[in-house]
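Got your viewer open and a selection box handy? Here's a short tour, stop by stop, with something to pick at each one.

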Amino acid sequence: MALEVHTLAQTPITAHVFSPDRSQLAVSLNSNDVQIYSRQGQEWVPTETLSEHDKLITSIDWAPHSNRIVTASQDRNAYVWQEVQDPETGKLVWKPTLVLLRINRAATHVRWSPKEDKFAVASGARAIAICSFDEENNWWVSKLLKKPIRSTVLSVDWHPNNVLLAAGSADMRARVFSAYIKEVDERPAASVWGSKLPFNTICGEYTSPAGGWVHTVEFSPSGDVLAFASHDSSVNIVYPTGPVFNIRISSLPFVTLTWTAENSLVAAGHDCQPVVFSGSEAGWQSVGSLDDTTGVKAADGPRAGYGGNTSVGRLKTGAFATFRDADTRGKSSLSGAGSASADTKLLTVHQNTITSIRPYQGHPGQVSMVSTTGVDGKLVIWDVNAVAGGR
Amino acid sequence: MDTAFRKIDIDQYDEDVLHESELYDADPRDPAQVLEDAKQRQAAVRTALARSDVVGALSTILENAPYGPNVDQAKEITLHTLLTILNTTKSTEIPAVIKSLSQDSQDTLMKYLYKGMAMPGWGDISGSVLLGWHEKLTEIAGTGCIVRTMTDRRLV
């Protein structure tokens, strides 16, 4: 069930992240600025705007311990934002520091490492920039992971050991790299992904049987399992020393996922609803959707189906009927506004693709709530244990 | 204005260009063997159809379907054999037949339905038969099946 639904904007939300204490929220409203909202009672009120990028911001991450924000944008830059006291007014303001990414295409995704001493920026330049702070020169420097990436990198995720990095890319591969930086990292302990890990070691390369861009990757809380979702409408769970599970779903592809426990994850995407998967090394399956699409939502009246139950039937109702009526009976949606607009509404809470899902409450391995944002401009918080039923 | 330069294949000058062969794992079988397999399956399907075993015939033809380059003849034989099966199946039996197929076979069947619909002049099959199968298959395997057909580079 959706615990909270907030409509933040009438524009798509490209990325969202909460502050460490969940009292603030940073989003990219499909624009060049980061909009920070503060919680006031039940409302989210816009408080600050971080402007420095001159193209669309594609990804934002907020470091939970050091309270720094990093943003990546299509202008090929990344900025690290730190809250400092303004010498004149004494107020806290966000101050940007430019990062030398050395990429010649858009930055697509950014994530802080668990220790927050590095971050990874995925890009369209067939490279991932691993950035670390150079104390001597007082700036962020980057080192590029290039081989063997053949296309745009769409998502990155850090292993809990602060060294390994998973990346999903448009060349249909999910890969695990070593992002070991001599000056920053201690030698990592051996894991299931390998023992000798110099920079740019490839610890694994995976693809879905039917191919498709890898939209999202994430390590399990222990870091021993990797999950990725690709554009062939499937979720893949990789045990590096054991089996690889490929779960094909009957609806549209997922574009984002997050682990809630070592044996469970939530994925969402073009189907507009978050779906829970659970399993172990013995096998994985879909448990059900967090969104109750079967019932009629209060006060909204009957709506045409977009849920799992009426996969084809809906083609003949909803939007189709609207156009057919307009064509054969000359009935426009304007004259019968009430029924027609209700007909084109989806049964799900989100009315368009969910682009980002993140843990909201709990700690890694025991997440109890997740937050989602999407193209419909909504922010929704879900209880991950309230699975609404089978699909 | 001279626009000929727009037609230049600039990819040939790019050393890092992504080749078709890198997009999917090639069929390990030899093209000649694939052709041989396709012919054998054609015969097996005829026997199965004579026993009116539609499920058996469909599973046979959809398993290890030829894909990739250099196997055009095998692809053609497979398509024609498949179309025979689709044509001879009663429309009331279709849902039960599709339900008994494996997920792999359902995905492959969808690929052939789209291939059939893309044929100039629809091959030797009427559009309504393909659309009938398409409707039933989408009901059972969902829109995900169509997405996989569009995504998969292992073209049949």
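Is A:Ser19 buried or exposed? Select A:Ser19 and turn on the surface: with a relative accessible area of 1%, the residue is buried, since the cut-off for that is under 20%. Keep in mind as you go that this is a predicted model.

**Stop 1: around A:Ser19**

Trace the backbone here and you'll see that A:Ser19 sits in the loop between β2 (15-18) and β3 (24-28) of chain A. Now show what touches A:Ser19: leaving out residues up to four places away in sequence, you get A:Gln24 and A:Trp62. For a sense of scale, draw a distance from A:Ser19 to A:Glu183. The two are 164 residues apart in sequence, and their C-alpha atoms are 29 Å apart in space.

**Stop 2: three loops with backbone quirks**

Stay in chain A and jump to A:Arg102, in the loop between β9 (92-99) and β10 (107-112). Check the backbone torsions: A:Arg102 isn't a glycine, yet its phi is positive, about 60°. With a relative accessibility of 56%, A:Arg102 counts as exposed, because the threshold for that label is over 50%.

Next, follow the chain past β10 to A:Glu116, which lies in the loop between β10 and β11 (118-123) of chain A. What is the sign of phi at A:Glu116? Positive again, near 65°, and again in a residue other than glycine. The surroundings are another matter: A:Glu116 is buried, with a relative accessible area of 4%.

Then select A:Lys147 and A:Pro148 together and look at the peptide bond running from one to the other. That bond is cis, with omega near -5°. A:Pro148 belongs to the loop between β13 (139-145) and β14 (153-158) of chain A.

**Stop 3: chain A from a distance**

Zoom out and colour chain A by domain. Domain 1 takes in 2-292 + 354-383, and domain 2 covers 293-347. Put a pseudoatom at the C-alpha centre of each domain and you'll find 35 Å between the two.

**Stop 4: where chain A meets chain B**

Zoom back in on A:Ser250, in the loop between β21 and β22 (254-261) of chain A. Which residues does A:Ser250 contact, once its neighbours within four places in sequence are set aside? They are B:Ala141, B:Gly142, B:Thr143 and B:Gly144, so show these as sticks alongside A:Ser250, remembering that contact means heavy atoms within 4.5 Å. A:Ser250 is partly exposed, at 39% relative accessible area. Within its own chain, A:Ser250 is 18 residues along from A:Ala268, and 13 Å separate their C-alpha atoms.

**Stop 5: chain B as a whole**

Hide chain A for a moment. Chain B has seven helices and zero strands. Its C-alpha atoms fill a box of roughly 60 × 35 × 30 Å along the principal axes. Colour by accessibility and 42% of the 156 residues of chain B come up as buried. A contact map has something to show as well: among contacts between residues at least 6 apart in sequence, 75% join residues at least 24 apart.

**Stop 6: helix α2 of chain B**

Select residues 54-62 of chain B, which make up helix α2. Which residues of α2 are buried? Pick out B:Val54, B:Ala57, B:Leu58, B:Ile61 and B:Leu62. Look down the axis of α2(B): these buried residues fall within an arc of 115°, so they line one face of the helix. Among the elements covering them are α1 (31-50), α3 (72-88), α4 (94-99), α5 and α6 (127-141) of chain B. Just after α2(B), stop at B:Asn64, where phi is positive, near 50°.

**Last stop: the second largest pocket**

Bring chain A back and run your pocket finder. The second largest pocket has a volume of about 440 Å³. It is lined by 25 residues, and the closest to its centre are B:Tyr67, B:Asp104, B:Thr108, B:Lys111 and B:Arg154. Both chains show up among the elements supplying at least two lining residues each: β21 (244-248) of chain A, with α5 (103-118) and α7 (143-151) of chain B. The largest share, five residues, comes from α5(B). Colour the lining of this pocket by residue type and you'll count seven nonpolar, seven polar and eleven charged.

Conventions. Residues are numbered from 1 along each chain as its sequence is written. Chains are lettered from A and ligands numbered from 1 in the order in which they are written. This is a predicted model: local features need pLDDT of at least 70, side-chain atom pairs count only at pLDDT 80 or more; totals for chains, interfaces and linings use all residues. Side-chain values use heavy atoms; hydrogens and water are left out. On a 1 Å grid over the protein atoms alone, a cavity is a set of points where a 1.4 Å probe fits but cannot get out, and a pocket is an open set with protein on both sides within 12 Å along at least five of seven lines; lining residues have an atom within 4 Å of a point. Grid points are joined across faces, edges and corners, and a volume is the space filled by probe spheres set on the points. Helices (H or I, at least four residues) and strands (E, at least two) are DSSP runs, numbered from the N terminus. Ala, Val, Leu, Ile, Met, Phe, Trp, Tyr, Cys and Pro count as nonpolar, Asp, Glu, Lys and Arg as charged, and the others, Gly among them, as polar. Domain bounds come from an automatic or database domain assignment. Buried means under 20% relative accessible area, exposed over 50%, partly exposed in between (1.4 Å probe, protein chains only). The arc is that of the directions from the helix axis to the C-beta atoms.
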